Amino acid sequence: MASLPLLRLSLHPSPKTLKPPTSSLRSPPFLLPLKSTAKISPPPSRTLSSRPRPTISMSYNPTPASDRLISAASYFLPFFNGIQYGRFLFAQYPSLGLLFEPIFPLMSLYRSIPYASFVAFFALYLAVVRNPAFTRYVRFNSMQAVVLDVLLAIPLLLQRILSPSRGLGFRILMLGYNAIFIFVVACFLYSVVFCILGRTPYLPIVASAADRQL
């Protein structure tokens, strides 16, 4: 009977005998996953914050309001002295005078002062143009107004010398006066608007002469 337990034990093999050899279940060497020692970093994410932003330098310096006001007011000197060249246009087109009617009281006050043109000329030249306390912007615009006022005196001198009263000479005088008047009004409007905006007006012929005097 002692052989019966031994027979039972022989019929039930141990778990070690049922386990297949590990060498037979291993995959071939060429199928084994390769382990790389180098670390592969993910590609950098391109976001808006990582992109370099261009630097914009704000180098714009606005012109002070006082400089704009003085520069715009300086152009009234050649305008008041050049309004007389529109006498033929005012006579030919009476409705044109309605556009200048708001400034007629100011012109009457200006002409009521004795030697107002000479006083305003030298005051603008000596007190503003030659005064280093003012900025170059103010001095340049004032100098343009002075040069333009000097140029407007040349046709009057020619008229007094030649004094055409009729014929072709008078016709040329009318055309010249009309052209000068249109030129003066255009320069005045252009300069005043640019001064109000804080920009520098450059009048033809006048700007180069004014720049050389500064």
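These are my notebook entries on a predicted model, centred on helix α9.

**Entry 1, overall make-up.** I began with the secondary structure and found 11 helices and 0 strands in the protein. Read from the N terminus, the order of elements is therefore a run of α only, α-α-α-α-α-α-α-α-α-α-α. I then looked up burial: of the 214 residues, 28% are buried.

**Entry 2, helix α9.** I took α9, residues 136-162, as the element to follow. It has 27 residues, and I read 40 Å from its first C-alpha to its last. The expected figure at 1.5 Å a residue is 39 Å, so the span is close to expectation. Just after α9, I noted a positive phi of about 45° at S163.

**Entry 3, Q144.** Is Q144 in α9 buried or exposed? I find 0% relative accessibility for Q144, and the limit for buried is under 20%, so Q144 counts as buried. I also checked its separation from V206: the two are 62 residues apart in sequence, yet 6.0 Å apart in space, C-alpha to C-alpha.

**Entry 4, salt bridge.** My search of the whole structure returned 1 salt bridge. It pairs R136 with D211, and the closest N and O atoms are 2.4 Å apart. R136 belongs to α9 and D211 to α11 (residues 206-212), so the pair ties together parts that are 75 residues apart in sequence. Both partners I list as partly exposed: R136 has a relative accessible area of 47%, and D211 has 37% relative accessibility.

**Entry 5, nonpolar surface patch.** Which residues form the nonpolar patch on the surface? I list L151, I154, L158, I161, L162 and I205, with about 640 Å² of accessible area together. I looked at L158 separately; this residue lies in α9. Its relative accessibility is 47%, which falls between the limits of 20% and 50%, so L158 counts as partly exposed.

**Entry 6, largest pocket.** Rolling a probe the size of a water molecule over the atoms shows where empty space is left. For the largest pocket I noted about 510 Å³ of space. Its lining has 16 residues, and N81, S117, F118, A153 and L156 lie nearest the centre. Which helices each supply at least two residues of this lining? I find α7 (104-112), α8 (116-129) and α9. The largest share, 8 residues, comes from α9.

**Entry 7, recap on α9.** I close with what I found along this helix: buried Q144, the salt-bridge partner R136, the patch member L158, and the largest share of the lining of the largest pocket.

Conventions:
Residues are numbered from 1 along each chain as its sequence is written. This is a predicted model: local features need pLDDT of at least 70, side-chain atom pairs count only at pLDDT 80 or more; totals for chains, interfaces and linings use all residues. Side-chain values use heavy atoms; hydrogens and water are left out. Patches are made of residues with over 30% relative accessible area and no salt bridge: like charges are joined within 9 Å, nonpolar side chains (Val, Leu, Ile, Met, Phe, Trp, Tyr) within 5 Å. Accessible areas come from the Shrake-Rupley method with a 1.4 Å probe; for residues, only the protein chains shown count as cover. A salt bridge is a side-chain nitrogen of Lys or Arg within 4 Å of a carboxyl oxygen of Asp or Glu. Helices (H or I, at least four residues) and strands (E, at least two) are DSSP runs, numbered from the N terminus. Buried means under 20% relative accessible area, exposed over 50%, partly exposed in between (1.4 Å probe, protein chains only). On a 1 Å grid over the protein atoms alone, a cavity is a set of points where a 1.4 Å probe fits but cannot get out, and a pocket is an open set with protein on both sides within 12 Å along at least five of seven lines; lining residues have an atom within 4 Å of a point. Grid points are joined across faces, edges and corners, and a volume is the space filled by probe spheres set on the points.
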